[in-house]
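The following paragraphs lead the reader through selected features of one structure. The sequence and the coordinates are shown first, and the explanation follows.

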Amino acid sequence: MNKFVFQPVSQVSDAVNDQPVKRYWHILVVDDDQAVHDVTHLILADLEVLGRKIQLHSAYSAAQAKSLLESEIPFAMTFVDVVMESDDAGLQLVTWIREVLKNISIRIILRTGQAGLAPEEQVISQYDINDYKAKTELTATKMITSVYAGIRGFRDIKTILKSQNAFQRLITSSTNVLKVTQLADFATAALNNLLTLMKLESSAVYIVRQETDFYDDCQETYLACTGRFGETPQSLDSIPDNVNDKIQQAFANKDNKFNQEHFIGFYQASAEASSVLYIEFDYAPTHFKRGLMEMYATNIALTLESLVQQQQTHKSQRELLYIVGDAIEARSKETGLHVKRVSLMCELLAVSLGLPHSFVQALKVAAPLHDIGKVAIPDNILHKQGTLNSGEWELMKSHAAVGGTLLDKSNLPVAKLGSRLARYHHENWDGSGYPEGLSDTNIPLEARIMSIIDVIDALGSNRSYKDAWSCEQILAYIKDQKGKKFEPLLVDKTVENFDALMKIRQEYPD
């Protein structure tokens with residue numbers, strides 16, 4: 001069995017066999033002397049640094065330079081003349097780059113033919129530059145040396161910033177790491193940070209989890225993927241066979257493997273669950289720190305395992321509550337999917353009211369318990385054909401208080417909400433309901449929502465004492481009970497979302 005928890009963001013083209021895009025180191029030459037541009041082009045035109053060619057861009061004034069620097073060109077470094085349209089135009093440009101443009105990555109080399117106007121010691125101490133050269137000393141060899149140093153510095157700064165940003169995303173998602181809904185954010189940020197730290201930006205990554213229960217049934221879950229596998233596969237068959245074979249082999253052998261093509265790490269999170277991290281390299285890694293990678297990946301695997309366990313616990317709780325609700329309804333011999341429908345319809349109505357997400361989800365989970373008090377009602381009353389007499393009706397009404405009392409025994413927030421649902425969902429806005437005759441906003445909001453949803457679904461279902469009503473009849477009744485049985489605002493929201501509520505009934509028919 002396999003399932004996919006989430007689909008993370010794709011980071012690379014899915015055209016695996018495309019030709020690689022040519023990449024350059026972009027260098028900006030800022031000088032008002034055409035000869036300087038010509039010489040710079042002559043010296044650097046065929047230079048290749050760290051596997052990339054140089055692409056030069058020319059600006060003849062600080063104003064032209066600002067325009068280019070504000071463009072999308074990723075300049076690695078710039079040669080800036082001090083004296084251009086003014087004696088300190090170059091110095092002002094440096095200040096603008098760092099303080100206005102806030103570009104801390106670009107490497108800046110000042111060049112001057114009039115050193116007396118801008119003494120080196122003063123300039124170096126007051127301006128955020130990376131080197132200062134007199135034009136007479138900047139020979140071809142020294143210029144090439146400056147370019148190597150500048151580009152290496154730029155590369156390292158970008159690596160640090162990229163790692164910092166990825167780590168910041170990881171920390172941000174970790175703030176809510178205990179929330180099951182944050183599983184996708186945490187896993188994606190963790191993988192992206194891992195790729196950045198290892199300088200493996202274009203690689204493909206999987207995290208796969210296996211869990212074997214006490215019946216020896218194995219469930220396989222694809223927790224996360226990024227890089228080339230950014231599009232989560234729709235089925236096991238769509239995963240490349242060679243990749244899946246390697247992952248399955250790692251589960252079988254319970255070991256780690258590393259070569260020039262891939263890294264596979266096996267992590268035993270518990271006696272029942274384990275994970276495999278698969279990293280495929282687009283090129284042989286030159287700085288792959290296996291020890292750091294294994295330590296980092298181990299922490300990712302353990303954290304994700306904790307989140308998955310929480311998710312499973314929440315899912316188990318929801319399913320058990322549905323089962324309890326179904327059992328109650330089955331005993332009533334009335335509706336089969338009533339609890340499912342009221343749960344989804346309560347969620348829809350609560351969302352339309354703009355209620356907090358946590359409240360909406362708790363309401364959705366607790367909704368199946370609204371009639372739990374019916375376990376105390378005798379079968380002869382639950383199943384009676386026709387109208388109940390006064391004594392039977394009083395006994396039937398007691399299910400509200402009984403349900404509230406049953407759930408009062410738990411301190412869990414969902415149980416507390418369920419208790420209020422069970423006890424008060426038969427209260428009416430005008431005070432004519434039971435068991436306590438509450439009115440207006442004295443009736444808890446969750447019970448006011450359940451009241452109108454429970455009636456909508458009951459009217460639309462066949463019961464032992466009536467046939468199902470049409471949509472038109474239900475809507476007319478809801479409108480008629482505005483300010484009487486139901487809160488006016490909830491009636492308005494129900495009318496506004498009536499078609500969506502009826503669609504839920506169609507999707508889960510009895």
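F266 is buried, with a relative accessible area of 11%; this value, like every other one in this text, is computed from a predicted model. A residue counts as buried when its relative accessible area is under 20%, so F266 meets that criterion at 11%.

The ring of F266 has an aromatic partner, F251, and the two are arranged edge-to-face, with 6.3 Å from centre to centre and 90° between the planes. F251 belongs to helix α7 (residues 241-253), whereas F266 belongs to strand β11; the pair links distant parts of the chain, 15 residues apart. F251 also counts as buried, at 6% relative accessibility.

From F266 the reader may turn to the strand that holds it. Strand β11 (residues 262-268) is joined to strand β12 by 7 bridges, and the two strands run antiparallel. Together β11 and β12 form a hairpin, with 4 residues between them. Within this pairing, G265 stands opposite L277 of β12.

How many of the residues of strand β12 are buried? The count is 8 of the 8 residues in the strand (residues 273-280), and β12 is therefore largely enclosed by the rest of the structure. In a regular strand, side chains alternate between the two faces of the sheet. In β12, A273, S275, L277 and I279 point one way, while S274, V276, Y278 and E280 point the other way; all of them are buried.

The aromatic contacts extend beyond this hairpin. A search of the whole structure finds 4 aromatic pairs. One of them is formed by W25 and F154, which meet edge-to-face at 6.3 Å centre to centre, with 90° between the planes. Because W25 lies in strand β2 (residues 24-30) and F154 in helix α5 (residues 140-174), this pair ties together parts that are 129 residues apart in sequence. W25 is buried, with a relative accessible area of 6%, and F154 likewise counts as buried, at 9% relative accessibility. W25 has a further contact: the charged end of R52 sits over its ring, 4.0 Å from the ring centre.

A last point concerns the cysteines. How many disulfides does the structure hold? The number of disulfides is 0. Among the residues to examine here are C218, which is partly exposed with a relative accessible area of 38%, and C471, which is partly exposed with a relative accessible area of 34%.

Key: Residues are numbered from 1 along each chain as its sequence is written. This is a predicted model: local features need pLDDT of at least 70, side-chain atom pairs count only at pLDDT 80 or more; totals for chains, interfaces and linings use all residues. Side-chain values use heavy atoms; hydrogens and water are left out. Buried means under 20% relative accessible area, exposed over 50%, partly exposed in between (1.4 Å probe, protein chains only). Two strands pair if DSSP finds at least two bridges between them. Rings of Phe, Tyr and Trp (its six-membered ring) pair if their centres lie within 6.5 Å; planes under 30 degrees apart count as stacked, over 60 as edge-to-face and the rest as tilted. A charge sits over a ring if NZ of Lys or CZ of Arg is within 6 Å of the ring centre and within 35 degrees of the ring normal. A disulfide is a pair of cysteine sulfur atoms within 2.5 Å.
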